[in-house]
Amino acid sequence: GRTFDAADAAYKTHQTAIAVAFPGHTIDIPTPDDLFSVGTELVIGQTPAMDEHHKSVLVQGRRRVKIIEIVQTEPFMVAKARILEETEADDETEILTQTIANLFQNAVELNDTLPDDVISYALSADNPSWMADFVVSTLTVPLIERQKNLEEMDINARLRRVAELLNRELDMLELKDEIAGQVHHEIARNQREIYLREQLRAIQMELGEEDVFQQELNELHAQ
């Protein structure tokens, strides 16, 4: 496809590629007007040879860039872009980074879909910007929120945004956990009641007594 051809051409000519998103889910082949202008510069690694129906590309994100001109559209897009520079980290950055680390650890503990090792992976990052991007990639947030995070070049503003997204995620996970606990408690209570009823019936049969529940039904029918 066009994506693989573009990556393959970049690899063979020792150039980089740009990954950009577009908001439409129904667009098969986006035009330049469909694309967000801010994306990620990618270093293209190997393009393993597979069969004609399955192709893969190894890439590594490098830095944020802004597309300033699309110079080619066929057989794939080629663009000119400029590098976007982030603000410098300061004391607030360190505090925000630690806040996100604590929130993320709580979120992972409540999220069964995330492996535990993502915590150590995130905490091992020595770059606050990278950690913020990684955390956002694990959250169930809309594309537009991810794009806002990508376009925010003020590192502290981005970290505050990520902390806000994490708080929302935690609220959702805690509510989900609370509902699951209530359902589990209700199921356990019903199962316990059924077990006690069966035990009572067994005791009554041993004593030769009529089932009290059947007795109540008989009395209702007799009325």
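With a relative accessibility of 0%, R158 counts as buried in this predicted model. That makes a handy starting point for a look at the salt bridges, of which the structure holds eleven.

R158 pairs up with D133: their side chains meet in a salt bridge, with 3.9 Å from N to O. This pair links distant parts of the chain, since D133 sits in helix α4 (residues 128-137) and R158 in helix α6 (residues 155-207), 25 residues apart. Unlike its buried partner, D133 is partly exposed, at 25% relative accessible area.

Next come R64 and E86, whose side chains form a salt bridge at 3.6 Å, again N to O. Here, too, distant parts of the chain are linked: R64 belongs to strand β3, while E86 is found in the loop between β4 (78-83) and α2 (91-110), 22 residues apart. R64 is buried, at 8% relative accessibility, whereas E86, at 28%, is partly exposed. These two don't stand alone, either: R64, E86, D133 and R158 are linked in a network of salt bridges.

Then there's the bridge between R62 and E41, with 3.7 Å from N to O. R62 lies in strand β3 (residues 59-72) and E41 in strand β2 (residues 38-44), so this pair ties together parts of the chain 21 residues apart in sequence. In this bridge the arginine, R62, is partly exposed, with a relative accessible area of 49%. The upper limit for that label is 50%. Its partner E41 is buried, at 8% relative accessibility.

Note on methods: Residues are numbered from 1 along each chain as its sequence is written. This is a predicted model: local features need pLDDT of at least 70, side-chain atom pairs count only at pLDDT 80 or more; totals for chains, interfaces and linings use all residues. Side-chain values use heavy atoms; hydrogens and water are left out. A salt bridge is a side-chain nitrogen of Lys or Arg within 4 Å of a carboxyl oxygen of Asp or Glu. Helices (H or I, at least four residues) and strands (E, at least two) are DSSP runs, numbered from the N terminus. Buried means under 20% relative accessible area, exposed over 50%, partly exposed in between (1.4 Å probe, protein chains only).
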